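Reader: Hi, I am new to this one and would like to go through it slowly with you. Could you put it up so that we can start?

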Amino acid sequence: MTGSFDLWKLTKGVLFYALVIAIVVIAVFPFYYAILTSFKAGTDLFRINYWPTSFSLANYQSVFSQGAFPRNLLNSVFVASVTVALALFLAVTASFALSRVRFRGRGLLLMTILAVSMFPQIAVLAGLFEVIRFLGIYNTPWALIFAYTIFTLPFTVWVLTTFMRDLPVEIEEAAIVDGATPWVIITQVFMPLMWPALVTTGLLAFIAAWNEFLFALTFTVSNQTRTVPVAIALLSGGSQYEIPWGIIMAASVIVTVPLVALVLIFQRKIVSGLTAGGVKG
Amino acid sequence: MTLNKMLVAMMASVTLVAGAAQAAELSIVSGDTGTGLQFLQSELDIFQEETGHVVTIVPMPSSTSDQFGQYRLWLAAGNADIDVYQTDVIWAPQLADQFVDLKEAFAEVADQHFPSVIESQTVGDKLVAVPAFTDAPALYYRKDLLEKHGKEVPTTWTELRQTAQEIMEAERAEGNTEIWGYVFQGNAYEGLTCNALEWVNSFGGGQIIEADGTISINNEQAVAALEEAASWVGTIAPQGVLAYGEEEARGVWQLGNAVFMRNWPYAYALSNGDDAAVKGNFDVAPLPAGEGEGAKSSATLGGWNFAVSQYSQNQEAAIELALFLSSAESQKRRAIEQANLPTVQSLYQDEEVLAASPFMAAWEEIFQNAVPRPSAPTQENYNEVSSLFWSAVHNTLSGNGSAAENLEVLEIDLDDLLQ
Amino acid sequence: MAAIELRNVKKSFGVVNVIKGVDLEVKKGEFMVFVGPSGCGKSTLLRLISGLEDITSGEMLFDGKVVNALTPSKRGIAMVFQSYALYPHMTVYENMAFGLKLEKGHSKEAIRQRVEKAADMLQIRQYLDRLPKQLSGGQRQRVAIGRAITRDPKVFLFDEPLSNLDAALRVATRIEIAKLHEEMNDVTMIYVTHDQVEAMTLADRICVLRDGLVEQVGTPMELYERPDSIFVAGFIGSPKMNFVAGEKASAFSCSTVGIRGEHMDIKPDGIWEGKVIHTENLGADSYVYLDMGQEEPVVVRHDGTTNYQSGSLVRVSPQEDRIHRFNEAGKPIR
Amino acid sequence: MTSEAIGAPTAAAQPRQKSELMQQRVRAARLFLLPMMIALAVVAGWPLARSIYFSFTDATLNDLYGAEWIGFGNYLQIRVLESGRTIYRGVLADPAWWNAVWNTVRFAFWSVLWETILGMIVALVLNAEFKGRGIVRAAILIPWAIPTIVSARMWSWMLNDQFGILNDLGMRLGLLNAPVAWTASPDTAMLAVLVVDIWKTTPFMALLILAGLQMIPKDIYEAAEIDGVHPVKQFFRITLPLVRPALMVAIIFRVLDALRIFDLIYVLTPNSAATKTMSVISQENLFQFNNFAEGSAQSTLLFLLIAIFTILYIWLGKVNFDGGDR
């Protein structure tokens, strides 16, 4: 900020904040509407309001009284965390091999990994079901953790490979000269440098696992093992055709809040400047 | 129940040889709603008391297509973890090969139930599922508005159209700009098959595919029925009705923005809720009849059943459970507590039932006209048949081809599929 | 501490031969500078010695032992990179201690002492808690050097360490490195640069590389006074040695005469005549650029402040005993 | 970087003694890749192979294990009727399939295009320094964080013609003069799906691009600033080329996802021919209809289509697989 009054700068600032506000409003409005709806009940649901008119926590209460929602939340946290940890662990090591060690068939290998992401999820359902039953992990959280690697792993491997490729060669060489093994290079030198990429991919993978529905529905059959998206789908109104709109919205709010908190916690890590000062040229 | 116990229970159900244990552990899968599951649990408690069999409920999302896809997959994989399935009226025939024949076990009590319901669950000579409750839609109408404008409850679709049009126009002239004449389920999905089957059948146009497998849909009466329905869209019904399911229709209705609505019984209690704009101002009647030869009121048969998996390790106990849940006693409790329509005819005269759910009296008449969807003759192809049918109807309603053209193509498609 | 010997070392990347057979001996405690134009293979050669690159063929010996297959850390080398290559997420202290921590068997206290000792040598003790990004370019390079020192290496490798610094810092750091060499006189140092001034000022011996081959190895003065080829003659010394060909060379019975600017005198009876193109006055002395019909202008280093008008004609003479004569193959005639 | 600095030798060089360092690295690479390969082989290999196998059989879900090999019949079969007429059957001769292909491609193109543009804008905004950046960052992620099954239903509610807030808003602002049944009409159904998908997935794109932007050294901009390079030029000359690797990967994964789009359409407009995509039609055949083999064939075709696209993309986009290694 300069002290002098600068019309152009001011206009730019105003335009910039207008853009920020527009982005936030568009992103958040449906969620705001969901919160609004979660406080409504009965015929009110069909009425359009822009501001809160009633404030009832009844929907939130029913979320926790139906089924085993707290348990489902825990399951989701467990499944998503382990999935992300596993995917990042496998992907960080694999992407080191894929980005920094030259060997024959590397391109082909990357393509093969990508190919896993090319098959419609719906089509692998039957085969995956067989594998999971064969492994004896049916109806356990491990079935989901296992199944989720099918979409988290290719993604994390590719993204991390891209980012690791961009890390300066000299830093790695300096570490080699210092006597670091590949494992030490990954864990003590590269990973701290890749926080933005790790946090970002981890976050995206976490959300993907957190929100997955189809596998969760297929591979778990009890309230004790199911995750939140299935639990939301299980929320029901008084009768078959009735959609318990308010309750679903309340559940969605409950489910989304931890993710927002997660982002707020980790967002500091999505900052740059970590590679600054290390190399020049 | 803890996870461990759950696992133990499942292991047990896999490893136990049928009949080896007197008290079996069973699993029943149900996509029923919250209170429905509570009711089911209370029934299971009674069942456990009576037989000693312990039953676990596996709840499923209420989306029927989600349920159906899952059940198919489980059955295809020979999943022995589930013994009894709660099935929609149209499913059991499609999964007939994987369910146990209940005909013999059910023979004793079969004549207590509506024959059309039993018929809908019979594939060839095999009874694939036994009924839990039934369902049939009705015409919801606004008593107050009909009275205000001096109209009778319509008995034919033409009357409905005219009445709806007049009231709608009069109300709009008075400043009630939001009001529509008629709302129904016009989205391209199973609900439209139900609606359109009623139109076609009420015009005497048959039931798409007859019980003997003849494809009957391409006939003049059916064309007339669809033409009538197409004339509603954009006039007495909003254009958006083409995306409506049950809930959207109920939303419009419950806000007081529709004179007529076609819906299932569930909307009855909700429309009488304290915050509903239509509370106390509405009633139900059988759906209108068509015109021409064979015209009558007709209502698509809905409802749920219980089927026993052939992969069950405890088939005997499972059959016992299915029969228990479809028994007159259980249905009576269901009618009282859940307001579900029984399939046992005598219950419609039962005082306790009527005291708890007075509206059921109104449904008895509706039920006389119930028509099953052609799931029994088409068996595993039913879903595809239904999809072809609702697509043809949806096209007609949205002005994409005339009724005659669309039904002609439909006939060819059905012929290709079923030949 | 180690003597390094290269025996017919070759290196190729795919089909490209970068090092085409190098034989070289570096003595214990010697400061050896690799110099040459870019693309000559000097950095590659350094990386072969460091062990960061594999040798395609030939042998590399440290103290008489073949180290072809040894990892850099086992060879006991330390390296300072052109781009500093500090670990950006570690403090200066952590940067310097990293290698020792990995080596195992050093107590925390021992590590601290060694880091501090190195830091004192380079006067960076007050920066130990800072991150690299909080340092200036010169400080970063000192940290990079400090990191190398801490490891107490047998062989110290520099890969163009000054090229990212500005002129003033470059001189200061150069002196620092020279001092370092004096203090650590038992450590063999190999230094890569394309700047012949660095080479001349730092080296015990210089190895001039050209096109993947060693052109000449010798002390700076040897190279200055007795270049083995036109290439070396032209590479060493500033300003560049002048080359005069054609008739003027024939007069000295060679194909090219090489004469340094400082070994030419402007005098009225000079044997060569040239037209002044430009005069650069450096204060202590000045460079006079003359057009003498050669491919490049001839530069004469001239003390004093005489200002020669551009376009005027002057006469110059080479100092006879300072003339380098080259044959057609570019080799000296002695 | 000068040519001297790059690269370890390729394996193609003549056989010779490998140094300990190279051996160590290759060994590590093998060790690092193995768990991932095993995981993928089990979790994806078998199911994929099964699906492809089923597409060449007459499998139905009622009789999965009694499936018989019928070759390419599910893809295309030519039958000569008794009347002498030749008819074509199978997925490749099915107009509904080609309609789905067209829908999918159309959907993928528009959604990814807009997501990339909007994602880039959002990422650039988030990359700037301003107060409340952390909150905005979290807010941006909300659309991505809401489970699809919920957000799809939420939008179908908001898009409803009678009690949908968007129609109400449009009419209040004078953008619409009558409520539109967005998901019902074939003309607007695709638009509705696109809007929801773009809303939902732009955060994904933005976050990946942001991560890419964060890896760009700041001093490059400082240098450009000093040189007086116009911001727009800065973007095209500096930002875009430097963020390209991250962008290319983000786009690949978005396109793969968009081509396989299922849940959103399944909830929003499940049976509208105007939005039925390859995954939706394949799910229908696999689980709703009794055409498991045909559904498998459709999945396999979708897989092939995506594979062809990816190869073209990598080839035309010059996505390189190397660089960065020693």
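Reader: How much of chain C is helix and how much is strand over residues 4-236?

Author: In this predicted model, residues 4-236 of chain C are 38% helix and 26% strand, and the C-alpha atoms at the two ends of that stretch lie 24 Å apart. UniProt, in an unreviewed entry, lists those residues of chain C as "domain: ABC transporter".

Reader: And what does UniProt place at residues 101-313 of chain D?

Author: The feature recorded there, again from an unreviewed entry, is "domain: ABC transmembrane type-1". Over that stretch chain D is 77% helix and 0% strand, with its end C-alpha atoms 18 Å apart.

Reader: OK, so how many residues of chain A touch chain D?

Author: On the chain A side 88 residues are in contact, and they meet 82 residues of chain D. Helix α6 of chain A, residues 141-165, gives the largest share of the chain A side, with 13 residues. By class, that side of chain A holds 63 nonpolar, 16 polar and nine charged residues.

Reader: Can we zoom in on one helix pair there? At what angle do α9 of chain A and α6 of chain D cross?

Author: The axes of α9(A), residues 195-211, and α6(D), residues 186-214, cross at roughly 170 degrees and come within 9 Å. Since angles over 145 degrees count as roughly antiparallel, the two helices α9(A) and α6(D) are therefore roughly antiparallel to each other.

Reader: Which residues make that contact?

Author: From α9(A) they are Pro196(A), Ala197(A), Thr200(A) and Leu204(A), while α6(D) contributes Phe204(D), Leu207(D), Leu208(D), Ala211(D) and Gln214(D). Sorted by class, the residues of this contact between α9(A) and α6(D) are seven nonpolar and two polar, with no charged ones.

Reader: Switching to chain B, what domains does the assignment give?

Author: Chain B is assigned domain 1, made of 3-128 + 302-371, and domain 2, made of 138-300 + 374-418. The centres of these two domains of chain B, taken over C-alpha atoms, are separated by 30 Å, and their contact takes 18 residues from domain 1 and 21 residues from domain 2.

Reader: Which elements of domain 1 of chain B give two or more residues to that contact?

Author: On the side of domain 1 of chain B that touches domain 2, they are β4 (122-123), α15 (359-368) and β13 (370-371) of chain B. The largest share of that side, five residues, comes from α15(B). Taken by class, this side of domain 1 has twelve nonpolar residues, five polar and one charged.

Terms used: Residues numbered from 1 in each chain as written. Chains lettered and ligands numbered in written order. Predicted model: local features only at pLDDT ≥ 70, side-chain atom pairs only at ≥ 80, totals over all residues. UniProt positions renumbered as here; feature names shortened; annotations may be inferred. Helix = DSSP H or I, 4+ residues; strand = E, 2+ residues; numbered from the N terminus. Domains from an automatic or database assignment. Contact = placed C-beta atoms within 7 Å. Nonpolar A, V, L, I, M, F, W, Y, C, P; charged D, E, K, R; others polar. Axes fitted to C-alpha atoms, helices over the stretch in contact; angles between N-to-C directions. Parallel < 35°, antiparallel > 145°, perpendicular 65-115°, else oblique.
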